[in-house]
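Me: Please take a close look at one helix in this model. I would like to know what it packs against and how.

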Amino acid sequence: MEAGVGVGVGFVIRSVMFDFGGVITSSPFEAFATYEKEAGLPEGFIRLVNSTDPDTNAWSQLERGALDMEGFAAAFESEALRLGHRVDGRRVLGLLGGEIRPAMVEAVRRCTVHLQTACVTNNFTLEDEAMPPEVLAIFGLFDVVVESRVVGIRKPEPRFYQLACEMVGVTPDEVVYLDDLGINLKPARQMGMTTIKVTDPDVALAELAAVTGLTFGDDGTARR
């Protein structure tokens, strides 16, 4: 593995860090929208519940490992009701599995050849449900995996990003970080990371190529 890639004078990237949901996989927001339409909920309501009191709400506690599935469902439903609508908390959890993006997975694989890679993800464990084998296989491509459910902190808490850097052995200014949520990118950028917001995966890979000096093919493969 090479030590790093230079981009400009005095600027060296040694690590690429990827969010999982919304980056490696498609975003769950489309599934949220479908459920909202079926249930007669206002557009964007689930995201509103998730973003209300984001440091202490049910979602944040689930991702820190402080609530189990039953506890989350009850707390999330209560929060939704306070905002004016009934929501099935278990159903919401079932909407989170996105489609794997092969080009992004291959980009991870090729980045790991040239740079240190990390998956930095807010996640949780469902009762009696093992991690899907395809997810474990993707996790295995990274040099480091930082999971909120394991470390007990979550994005956008600055300590989460600091911990990722410590585990990889880099400083924030040596990192390029990809996430689909601006709220998660902001603290990373303030720490000195180069950030890429993933909306269109093809655009994100082009931006990653520009930052790292790697060239990605249509399937995500990278070459010098």
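Reply: Here is helix 10, its two faces and its neighbours.

This is a predicted model, in which local features need pLDDT of at least 70, side-chain atom pairs count only at pLDDT 80 or more, and totals for chains, interfaces and linings use all residues. Residues are numbered from 1 along each chain as its sequence is written, and side-chain values use heavy atoms, with hydrogens and water left out.

Helix 10 spans residues 182-191. Helices (H or I, at least four residues) and strands (E, at least two) are DSSP runs, numbered from the N terminus.

Start with the inside. N184, L185, P187 and A188 are the buried residues of helix 10. Buried means under 20% relative accessible area, exposed over 50%, partly exposed in between (1.4 Å probe, protein chains only). An α-helix has 3.6 residues a turn, so residues three or four places apart point the same way. The face turned away from the buried side carries exposed I183 and Q190.

Now the partners. The buried residues of helix 10 pack against helix 9 (158-168), strand 6 (175-179) and strand 7 (194-197). Contact here means heavy atoms within 4.5 Å.

In helix 9, P158, Y161 and Q162 meet N184, P187, A188 and M191 of helix 10. The residues of this contact divide into five nonpolar, two polar and no charged. Ala, Val, Leu, Ile, Met, Phe, Trp, Tyr, Cys and Pro count as nonpolar, Asp, Glu, Lys and Arg as charged, and the others, Gly among them, as polar.

Last, the exit. Just after helix 10, G192 takes a positive phi of about 115°.
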